[in-house]
Amino acid sequence: TLALEGEDGPLAASDMNGVASDRAGAWYVAINGSLLHVSVAGRVRRVAALPASDEVNSIAASPDGSAVYVADYSNSKIRRVEVATGVVTT
């Protein structure tokens, strides 16, 4: 278990559905219907809620770090999450 504390509580590694990193060294984690940002210092914050029906198996950060792309395998969609605002688009 990865024990990082943040505004949303502890982050358990066993619940992760997808993980990606950006150029700044931060990590993005898809877990339990949420996309989380883990800073280099270990601070966890929720970036966005993902649609409940999503079966996330992989994520990727954009080269400039402004967005994270989430593969929703159950609905055959790619979702774009704006990191600054948390807006999710398809």
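How many residues lie between S6 and S7 in the hairpin that they form? In this predicted model, the count is 4 residues, and Ser76, which sits in the turn, has a positive phi of about 55°. The two arms of this hairpin are easy to trace along the chain: strand S6 covers residues 67-72, strand S7 covers residues 77-82, and they pair in the antiparallel sense over 6 bridges. One position shows how the pairing works in detail, as Ala71 has Ile78 of S7 for its bridge partner.

Strand S7 also takes part in a second hairpin, this time with S8, and here 5 residues lie between the strands. The turn of this hairpin holds Gly86, whose phi is positive at about 80°. Strand S8 spans residues 88-89 and runs antiparallel to S7, with 2 bridges joining them. Within this pairing, Arg80 is found opposite Thr89 of S8. A helpful general point for reading such strands is that side chains in a regular strand alternate between the two faces of the sheet.

Elsewhere in the chain, Ser34 offers a useful close-up of a single residue. Ser34 belongs to strand S3, which covers residues 34-38. Is Ser34 buried or exposed? Its relative accessibility is 12%, and because buried means under 20%, Ser34 counts as buried. The side chain of Ser34 also has a partner: a polar contact of 3.1 Å links it to the side chain of Arg46. When neighbours within four places in sequence are left aside, the residues in contact with Ser34 are Val29, Arg46, Ala48, Ala49 and Leu50. Arg46 thus appears both in this list and as the polar partner of the Ser34 side chain.

Terms used:
Residues numbered from 1 in each chain as written. Predicted model: local features only at pLDDT ≥ 70, side-chain atom pairs only at ≥ 80, totals over all residues. Heavy atoms only, no water. Pairing = 2+ DSSP bridges. Buried < 20%, exposed > 50% of the residue type's maximum accessible area, 1.4 Å probe, protein only. Polar contact = N/O pair within 3.5 Å; in protein donor to acceptor, adjacent residues only side chain to side chain. Contact = heavy atoms within 4.5 Å.
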